[in-house]
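Hi,

Here is the structure I said I would pass on. Have a look when you get a minute, and my notes are underneath.

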Amino acid sequence: MNVALRTVSGFMKHPALPLLSRIIAAIVGGYVFANTTVIILSYLLPGPQYNAVLSGMLASYLFYAFAIMWVFYAKTARKAWLGLLVPIIISAAFLWFLIPQGLLE
């Protein structure tokens, strides 16, 4: 039993774990951040709906690239995750408040 605990605690201190965390944050967190931001943009941009959606889709590459750069620019993996989760939560809350207003129909 003691050997199993030492193995698990040894894995949690592995030097590659922060890098793996950043890679997951860049892939998953960047994807979610880009998509929530693009959904907001597609409803707030003026003009016909198809142009707003297309412009939002084009902007998604920019937001995804910014998210990836932020994740690897942050000093720690915790700050990288926090720097992604805060904008995701804010944009998700903004979307949640837009739904009752009838803007997302």
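Below is what I found around one tyrosine and one surface patch.

First, keep in mind that this is a predicted model.

I started with Tyr-64, which sits in helix α3, residues 49-73. Is Tyr-64 buried or exposed? Neither, quite: its relative accessibility is 27%, and since buried means under 20% and exposed over 50%, Tyr-64 counts as partly exposed.

Then I looked at what Tyr-64 touches. Setting aside neighbours within four places in sequence, its contacts are Ala-26, Ile-27, Gly-30, Tyr-31 and Ala-34. With Ile-27 there is something specific to look at: the Tyr-64 side chain reaches the backbone oxygen of Ile-27 at 3.3 Å. Gly-29 is worth putting on screen too, as its C-alpha atom is 9.1 Å from that of Tyr-64, with the two positions 35 residues apart along the chain.

The other thing is a nonpolar patch on the surface. It is made of Leu-19, Leu-20, Ile-23, Ile-24, Ile-27, Val-28, Tyr-31, Val-32, Ile-68 and Phe-72, and together they have about 870 Å² of accessible area. Which helix gives the largest share of the patch? That would be α2, with eight residues. Both α2 (17-44) and α3 supply at least two residues each.

Two of the patch members, Ile-27 and Tyr-31, are also among the contacts of Tyr-64. For a patch residue to click on, try Ile-24: it lies in helix α2 and is partly exposed, with a relative accessible area of 41%.

Let me know what you think.

Cheers

Definitions and conventions:
Residues are numbered from 1 along each chain as its sequence is written. This is a predicted model: local features need pLDDT of at least 70, side-chain atom pairs count only at pLDDT 80 or more; totals for chains, interfaces and linings use all residues. Side-chain values use heavy atoms; hydrogens and water are left out. Helices (H or I, at least four residues) and strands (E, at least two) are DSSP runs, numbered from the N terminus. Buried means under 20% relative accessible area, exposed over 50%, partly exposed in between (1.4 Å probe, protein chains only). Contact means heavy atoms within 4.5 Å. A polar contact is a pair of N or O atoms within 3.5 Å; within protein, one must be able to donate a hydrogen and the other to accept it, and residues adjacent in sequence count only if both atoms are side-chain atoms. Patches are made of residues with over 30% relative accessible area and no salt bridge: like charges are joined within 9 Å, nonpolar side chains (Val, Leu, Ile, Met, Phe, Trp, Tyr) within 5 Å. Accessible areas come from the Shrake-Rupley method with a 1.4 Å probe; for residues, only the protein chains shown count as cover. A salt bridge is a side-chain nitrogen of Lys or Arg within 4 Å of a carboxyl oxygen of Asp or Glu.
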